[in-house]
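I opened this notebook to record what I looked up in one structure, entry by entry. Each entry begins with a place in the chain and follows its surroundings.

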Amino acid sequence: MTEVLIKPIITEKANAQSEKLRRYAFKVNRRANKLEIKKAVENFYGVAVVDVNTVVVPGKNKTRYTKAGFIKGVKQSYKKAYVGIGEGDAIDLYANI
């Protein structure tokens, strides 16, 4: 499981989707496919997964100004999975905090 799911994504958009659509967002391994993601979520959270959508978020260029001048870099790209769960199921992402 730890090889597939990296961490849940907790943003305003993800929270709104989890409340209205029962869809949760996770940061996942770049090599993981939809079947592996579905199996990992079902095993770890004990819910029935209905659908899985994936997207590769591209890396972005970042610059910042310091005393030495501009420093340029690139944020790393990652894979994101939107997991829809069945009726009556819920995932408590705040249980371990």
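**Entry 1: a lysine**

In which strand is the place of Lys-79? I worked from a predicted model, and there I located Lys-79 in strand β6, which covers residues 78-85.

I next asked whether Lys-79 has a partner of opposite charge. I noted that Lys-79 is buried and yet has no salt bridge. The nearest side chain of opposite charge belongs to Glu-36, and it is 7.6 Å away. A salt bridge needs a nitrogen and a carboxyl oxygen within 4 Å, so I did not count this pair.

What lies 2.7 Å from a polar atom of the side chain of Lys-79? I found the backbone oxygen of Ala-32 at that distance. Setting aside residues up to four places away in sequence, I listed what Lys-79 touches: Phe-26, Lys-27, Val-28, Asn-29, Arg-30, Ala-32, Thr-54, Val-55 and Val-56.

**Entry 2: the nonpolar core**

Phe-26 is among the residues touched by Lys-79, and I followed it into the core. The largest nonpolar core has 17 residues. Those with the most contacts inside this core are Phe-26, Ile-37, Val-41, Val-83 and Ile-91. I recorded that β2 (23-28), α2 (34-45), β3 (49-57) and β6 each supply at least two residues of the core.

I then listed some contacts of Phe-26, leaving aside its neighbours within four places in sequence. They include Leu-5, Ile-9, Val-41, Tyr-45, Lys-79, Val-83, Ile-91 and Leu-93.

**Entry 3: aromatic rings**

How many aromatic pairs does the count come to? I obtained 3. In one of them, Phe-44 and Tyr-45 are arranged edge-to-face, with 4.9 Å centre to centre and 90° between the planes. Ring pairs link Phe-26, Phe-44 and Tyr-45 into a cluster.

I also looked up the exposure of the two rings. Phe-44 has 46% relative accessibility, so I entered it as partly exposed. Tyr-45 is likewise entered as partly exposed because its value is 25%.

**Entry 4: a salt bridge**

How many salt bridges does the count come to? I found 1. Glu-87 forms a salt bridge with Arg-22, and the closest N and O atoms are 3.0 Å apart. I noted that this pair links distant parts of the chain, the two residues being 65 residues apart. Glu-87 is in the segment after β6, whereas Arg-22 is in the loop between α1 (12-20) and β2.

Are these two residues buried or exposed? Glu-87 has a relative accessible area of 69%, so I recorded it as exposed. Arg-22 is at 27% and is therefore partly exposed.

I made a further note on the backbone. Most residues other than glycine have a negative phi. Arg-22 has a positive phi of about 55° although it is not a glycine.

**Entry 5: a glycine and an aspartate**

I returned to strand β6, where Gly-84 has its place. Its relative accessible area is 7%, so I recorded Gly-84 as buried. Apart from neighbours within four places in sequence, Gly-84 is in contact with Arg-22, Arg-23, Ala-48, Val-49, Val-50 and Asp-51. I also looked up Ala-25: it is 59 residues from Gly-84 in sequence, and the two are 9.0 Å apart in space, C-alpha to C-alpha.

Asp-51 lies in strand β3. I entered Asp-51 as partly exposed because its relative accessible area is 32%. With neighbours within four places in sequence left aside, Asp-51 is in contact with Tyr-82, Val-83 and Gly-84. The C-alpha atoms of Asp-51 and Leu-35 are separated by 9.7 Å, and these residues are 16 residues apart along the chain.

**Entry 6: a glutamate and a serine**

I found Glu-42 in helix α2. Glu-42 is partly exposed, since its relative accessibility is 30%. Not counting residues up to four places away in sequence, Glu-42 touches Val-47, Ala-48 and Val-49. I noted that the backbone nitrogen of Val-49 lies 3.2 Å from a polar atom of the Glu-42 side chain.

Is Ser-18 buried or exposed? Ser-18 is found in helix α1. Its relative accessibility is 16%, so I counted Ser-18 as buried. Beyond its neighbours within four places in sequence, Ser-18 is in contact with Arg-23 and Tyr-24.

Terms used: Residues numbered from 1 in each chain as written. Predicted model: local features only at pLDDT ≥ 70, side-chain atom pairs only at ≥ 80, totals over all residues. Heavy atoms only, no water. Helix = DSSP H or I, 4+ residues; strand = E, 2+ residues; numbered from the N terminus. Buried < 20%, exposed > 50% of the residue type's maximum accessible area, 1.4 Å probe, protein only. Lys, Arg positive; Asp, Glu negative; His and termini not counted. Polar contact = N/O pair within 3.5 Å; in protein donor to acceptor, adjacent residues only side chain to side chain. Contact = heavy atoms within 4.5 Å. Core = buried A, V, L, I, M, F, W, Y, C linked by side-chain atoms within 4.5 Å. Phe/Tyr/Trp six-rings, centres within 6.5 Å; stacked < 30°, edge-to-face > 60°.
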